[in-house]
Amino acid sequence: MKLSQFKFKLPEELIALNPPFHRDECRLMVLHKKSQTIDLFKTDENGEPLTDEEGNKQYLDFRNVLDHFDEGDAFIFNDTKVFPARLYGTKEKTDAKIEVFLLRELNEEMRLWDVLVEPARKIRIGNKLFFDDSGTMVAEVIDNTTSRGRTLRFLYDCPHDEFKRELFALGEAPLPHYIVDKRAATEEDMTNFQCIYAKHEGAVTAPASGLHFSREMLKRMEIKGIEFAYVTIHCALGNFHSIEVEDLTKHKMDSEQMFVDAEACRIVNKAKQEERRICAVGTSVVKATETAVGTDKLLKEYEGWTNKFIFPPYEFGLSNCMIANFYHPMSTLLMETAAFGGYELVMKAYELAIEHEYKFGCYGDAMLILND
């Protein structure tokens with residue numbers, strides 16, 4: 001497919017800048033792949049739309065996801081944990097303000113980090129950056145990696161755990177630029193931009209579809225007999241890079257580190273063999289499971305990296321349901337969703353989302369894609 005096939009006009013006011021008051025109260029749209037139908041509204045037992053006191057149809061909310069799953073069905077979650085990756089420092093001598101975005105730690109003993117800097121043209125090898133008023137957290141630029149990429153060595157002499165605590169205390173939630181260009185990140189964002197089941201630190205952006213799950217909702221799922229499987233894929237910034245080629249086969253994704261353990265395989269494969277519903281929560285889970293699925297369409301243990309880029313047409317080997325958010329035009333996240341749900345149906349859903357003023361982005365509304 002072509003890049004231009006994923007272009008649409010997204011009104012700026014539909015980009016969610018803040019999360020809903022409760023995680024699980026965003027709106028939900030349900031897509032049925034086989035019948036090619038889309039549900040927006042709550043209905044009674046006769047299929048008639050429910051209305052409020054003013055006679056307005058009631059939109060589905062995220063809690064209605066559970067209406068479509070039963071005992072023995074499995075959900076696959078990404079339990080990566082976001083760290084406070086965005087820091088602001090000043091350049092030695094000039095005091096110019098510099099944004100430093102931590103990507104990953106390269107060497108624990110030497111305090112080496114792979115980062116992005118902005119504005120990059122001002123940051124050269126040998127420059128020192130200061131991150132606090134006391135001058136104790138200092139980093140030296142020791143290498144250029146890409147046009148905006150640098151390797152920093154932090155000059156901080158203490159045990160590693162203490163260094164990480166001090167470094168992360170200076171950072172803030174790594175919200176996407178479509179949010180922080182409109183408002184500053186807050187302390188609450190570090191909680192809101194984290195899935196409640198997050199466990200393994202390493203992500204620089206949240207697996208956003210998982211943000212909708214509350215503790216109450218997970219408890220209801222548990223009571224219903226739904227199985228939980230956890231994989232880890234550390235979400236990187238490649239999901240937000242602009243695609244610069246019209247022919248999607250020529251686009252190269254950044255690699256992301258991922259782990260699939262034996263317990264996840266046991267839970268998912270049991271559901272698969274029993275022909276249950278298997279729901280991938282988010283595009284990162286779909287990418288990870290499609291990387292680790294075998295030719296027998298069963299999930300395999302995996303530890304390594306993936307740069308899988310999924311776009312239509314694509315034959316999926318594992319999950320038969322998917323939860324997604326509403327993504328930006330021409331994004332890899334939209335392309336993967338369209339591959340899973342079918343291009344025509346997903347793009348129709350996006351038309352309806354704009355018409356009905358659904359919210360887009362990581363803090364926005366949700367979509368459930370079912371294979372029925």
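This tour moves through the structure by selection, from aromatic rings to charges over rings, cysteines and salt bridges. Keep in mind throughout that the coordinates belong to a predicted model.

**Aromatic pairs**

Begin by displaying the side chains of Phe, Tyr and Trp, among which a search of the whole structure returns 28 aromatic pairs. Select Phe 77 and Phe 228, whose rings form an edge-to-face pair with 5.7 Å from centre to centre and 90° between the planes. Colouring by secondary structure places Phe 77 in strand 3 (residues 74-78) and Phe 228 in strand 12 (residues 227-233), so this pair ties together parts that are 151 residues apart in sequence. With a surface switched on, Phe 77 counts as buried at 0% relative accessibility, and Phe 228 is also buried, with a relative accessible area of 17%.

Move next to Phe 309 and Phe 311, where the ring centres are 4.9 Å apart and the planes meet at 45°, so the pair is tilted. Phe 309 is buried, its relative accessible area being 14%, and Phe 311 likewise counts as buried, at 15% relative accessibility.

Now return to Phe 77 and Phe 228 and extend the selection to Phe 62, Phe 69, Phe 75, Tyr 197, Phe 213 and Tyr 230, since together these residues form one aromatic cluster.

**Charges over rings**

Select Tyr 59 and Arg 27: the arginine lies over the face of the tyrosine, at 4.1 Å from the ring centre. Then select Phe 340 together with Lys 33, which lies over the face of that phenylalanine ring at 4.8 Å from its centre.

**Cysteines**

How many disulfides should one expect to see here? The count comes to zero, as a disulfide would require two cysteine sulfur atoms within 2.5 Å of each other. Selecting Cys 362 illustrates this, for the nearest cysteine sulfur belongs to Cys 195 and is 11 Å away. Cys 362 is buried, with a relative accessible area of 7%, and Cys 158, which can be selected next, is buried as well, at 14%.

**Salt bridges**

Turn finally to the charged side chains, keeping in mind that side chains of opposite charge can pair when their charged atoms come close. The search of the whole structure finds 18 salt bridges, and three of them are visited below.

- Select Lys 182 and Glu 12, which form a salt bridge whose closest N and O atoms are 3.0 Å apart. Lys 182 sits in the loop between helix 2 (177-180) and helix 3 (187-192), while Glu 12 belongs to the segment before strand 1 (28-32), so that the pair links distant parts of the chain, 170 residues apart. Lys 182 counts as partly exposed at 48% relative accessibility, whereas Glu 12 counts as exposed at 53%.
- Select Glu 99 and Arg 86, a salt bridge with its closest N and O atoms 3.4 Å apart. Glu 99 is in strand 6 (residues 97-107) and Arg 86 in strand 5 (residues 86-91), 13 residues apart. Are these two residues buried or exposed? Glu 99 counts as buried at 12% relative accessibility, and Arg 86 is buried too, with a relative accessible area of 2%.
- Select Glu 274 and Lys 270, whose closest N and O atoms are 3.1 Å apart in their salt bridge. Glu 274 is partly exposed, with a relative accessible area of 37%, and Lys 270 counts as partly exposed at 43%.

For the last stop, select Asp 24, Lys 42, Asp 61 and Arg 63 together, as these four residues are linked in a network of salt bridges.

Notes:
Residues are numbered from 1 along each chain as its sequence is written. This is a predicted model: local features need pLDDT of at least 70, side-chain atom pairs count only at pLDDT 80 or more; totals for chains, interfaces and linings use all residues. Side-chain values use heavy atoms; hydrogens and water are left out. Rings of Phe, Tyr and Trp (its six-membered ring) pair if their centres lie within 6.5 Å; planes under 30 degrees apart count as stacked, over 60 as edge-to-face and the rest as tilted. Helices (H or I, at least four residues) and strands (E, at least two) are DSSP runs, numbered from the N terminus. Buried means under 20% relative accessible area, exposed over 50%, partly exposed in between (1.4 Å probe, protein chains only). A charge sits over a ring if NZ of Lys or CZ of Arg is within 6 Å of the ring centre and within 35 degrees of the ring normal. A salt bridge is a side-chain nitrogen of Lys or Arg within 4 Å of a carboxyl oxygen of Asp or Glu.
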